[in-house]
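Please look first at how the parts of this structure are arranged around one another. The report below begins with the symmetry and then turns to the nucleic acid.

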Number of protein chains: 2
Amino acid sequence: MQISSRFTLAIHIFACIDTFGNEYKVTSDFLAGSTNVNPVIIRKILGQLKAAGLIEVARGTGGATVTKPLDKITFLDVYRAVECVENGELFHFHENPSTSCPVGRNIHHILDDKIIRVQNALENELATITLADIKRDTEKYLSEENK
Amino acid sequence: MQISSRFTLAIHIFACIDTFGNEYKVTSDFLAGSTNVNPVIIRKILGQLKAAGLIEVARGTGGATVTKPLDKITFLDVYRAVECVENGELFHFHENPSTSCPVGRNIHHILDDKIIRVQNALENELATITLADIKRDTEKYLSEENK
DNA sequence: TCTCGATGTAATAATCGTTATTACATCTTG
DNA sequence: CAAGATGTAATAACGATTATTACATCGAGA
C-alpha cells in the first residue's frame with residue numbers, strides 16, 4: 001500500500017501558503033481549489049498540521065500561516081504530523097505467527113531490527129529535506145513559467 | 001497506510017524454507033500453519049516469488065525451494081516481488097491538482113525529485129539486507145532457545 | 001450586536017486494497 | 001488411477017481513504 005496522499009497534500013498546502021500567503025488569505029476553500037480535493041479533507045490536514053505546531057489556523061476570520069522558519073520544518077515533521085503510517089510502523093506484520101513453530105515464535109526477533117533499519121533510512125532522508133527547499137523550487141518553477 | 005504484510009510474510013516463508021527445507025517438504029499448508037495465514041494467501045505470495053525467479057514451487061508433488069544463494073537475494077528483491085506499492089511509487093499523489101493554480105500545475109515538478117530521493121533511500125537500505133542475514137539470525141535465535 | 005465568511009467536526013457513503021475462505025481444475029508421483 | 005499438492009476464480013468481511021452534506025461555532029467588521 002502507498003503512503004496516504006495526505007503527505008503530498010500537506011506539502012502542496014505549504015507551497016500555497018508560501019506563494020500566496022502575503023497576497024491572499026489561504027483558506028481551506030482556496031486550498032481545495034488548488035489541490036482539487038474536498039475542503040473537509042483539507043481542514044482535517046490543516047488540523048493535523050496545527051496539532052503538530054507547524055501552522056496556525058485563524059478561526060472566524062480564516063486562513064493558515066506557518067509558525068516557524070521554513071528551514072526548521074522538515075519533511076519528517078510533516079510526515080509525522082499527518083500520520084501516514086499506524087503507530088509510526090512502516091511495515092505491517094502478520095498478526096499471529098504460530099507459537100508452536102520455532103520460526104513463527106522468533107520471527108519478530110529475526111526481523112524487527114532489519115525493519116527498523118529500513119524505516120530509519122526513510123525517516124533520515126525525510127529529515128534532510130525542508131520546506132525551504134520547497135519554497136526555493138516553487139519560486140524557480142513559477143518564474144520559469146513567466147519567461 | 002502501511003506496507004502490506006506480504007513483505008514480512010515473504011521473509012517468514014524464506015526463513016521456513018531455510019530452516020525446514022532439508023527436513024520437511026515446505027508446502028503452502030505448512031507455511032500457513034507457521035504464519036497463521038490462509039494457505040491461499042501463501043500460495044499467492046509463493047506465486048509472486050516464483051514469478052520473480054526467487055523460488056521454485058513443485059507442482060503435483062509440492063514444496064518450495066530457493067533458486068539462488070541466499071546472499072544473492074536482497075530485501076529489495078523480495079519487496080519488489082510482492083508488489084508492496086503500486087507502480088513502485090511509495091507516495092500516493094493527489095490525482096488532479098488544479099491546472100489553473102500556478103502551484104497546482106507545478107506541484108509535480110516541485111516534489112517529484114524529493115520523493116524519489118526518499119524512495120531511493122528506502123530501497124537502497126532494503127538492498128543492503130539479504131536472506132543470508134535472515135538465515136544467520138534465525139539460526140542464532142533458534143539455538144538460543146535450546147540452551 | 002448582528003451578519004458573513006470561515007473553521008471544526010460528526011455522520012454517511014463510495015471506493016479500494018487486504019485478507020479469509022470455499023471450491024475446483026490441474027499436476028505429479030506412486 | 002488415487003492422493004496430495006498447486007493454481008486460481010469467486011465471494012465476502014474489514015479497514016483506510018476520500019468525498020460530501022450538514023451544522024455548530026468563532027471572530028471581525030458593518
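In this predicted model, the residue of chain B that comes closest to the rotation axis is Leu122(B), whose C-alpha lies at 2.5 Å from that axis. The axis belongs to the operation that superposes chain B on chain A, a rotation of 180° with 0.0 Å of shift along the axis and an RMSD of 0.0 Å. The two copies are therefore related as by a two-fold rotation axis. Because 100% of the interface residues of chain B are also interface residues in chain A, the copies meet through the same surface.

The surroundings of the DNA can be taken strand by strand. Around DNA strand D there are 26 residues, of which Ser5(A), Val40(A), Gly60(A), Thr27(B) and Gly62(B) come nearest. Two or more residues of this surface are given by each of helix H3 (39–51) of chain A, helix H2 (28–35) of chain B and helix H3 (39–51) of chain B.

Around DNA strand C there are likewise 26 residues, and those that come nearest are Thr27(A), Gly62(A), Ser5(B), Val40(B) and Gly60(B). Here helix H2 (28–35) and H3 of chain A, together with H3 of chain B, each supply at least two residues.

The table sets out the largest contributor and the residue classes for each surface.

| Surface | Gives the most | Classes |
|---|---|---|
| near DNA strand D | H3(B), 6 residues | 7 nonpolar, 12 polar, 7 charged residues |
| near DNA strand C | H3(A), 6 residues | 7 nonpolar, 12 polar, 7 charged residues |

How values were computed
Residues numbered from 1 in each chain as written. Chains lettered and ligands numbered in written order. Predicted model: local features only at pLDDT ≥ 70, side-chain atom pairs only at ≥ 80, totals over all residues. Near = placed C-beta within 6 Å. Helix = DSSP H or I, 4+ residues; strand = E, 2+ residues; numbered from the N terminus. Nonpolar A, V, L, I, M, F, W, Y, C, P; charged D, E, K, R; others polar. Least-squares fit on C-alpha atoms with pLDDT ≥ 70 in both. Contact = placed C-beta atoms within 7 Å.
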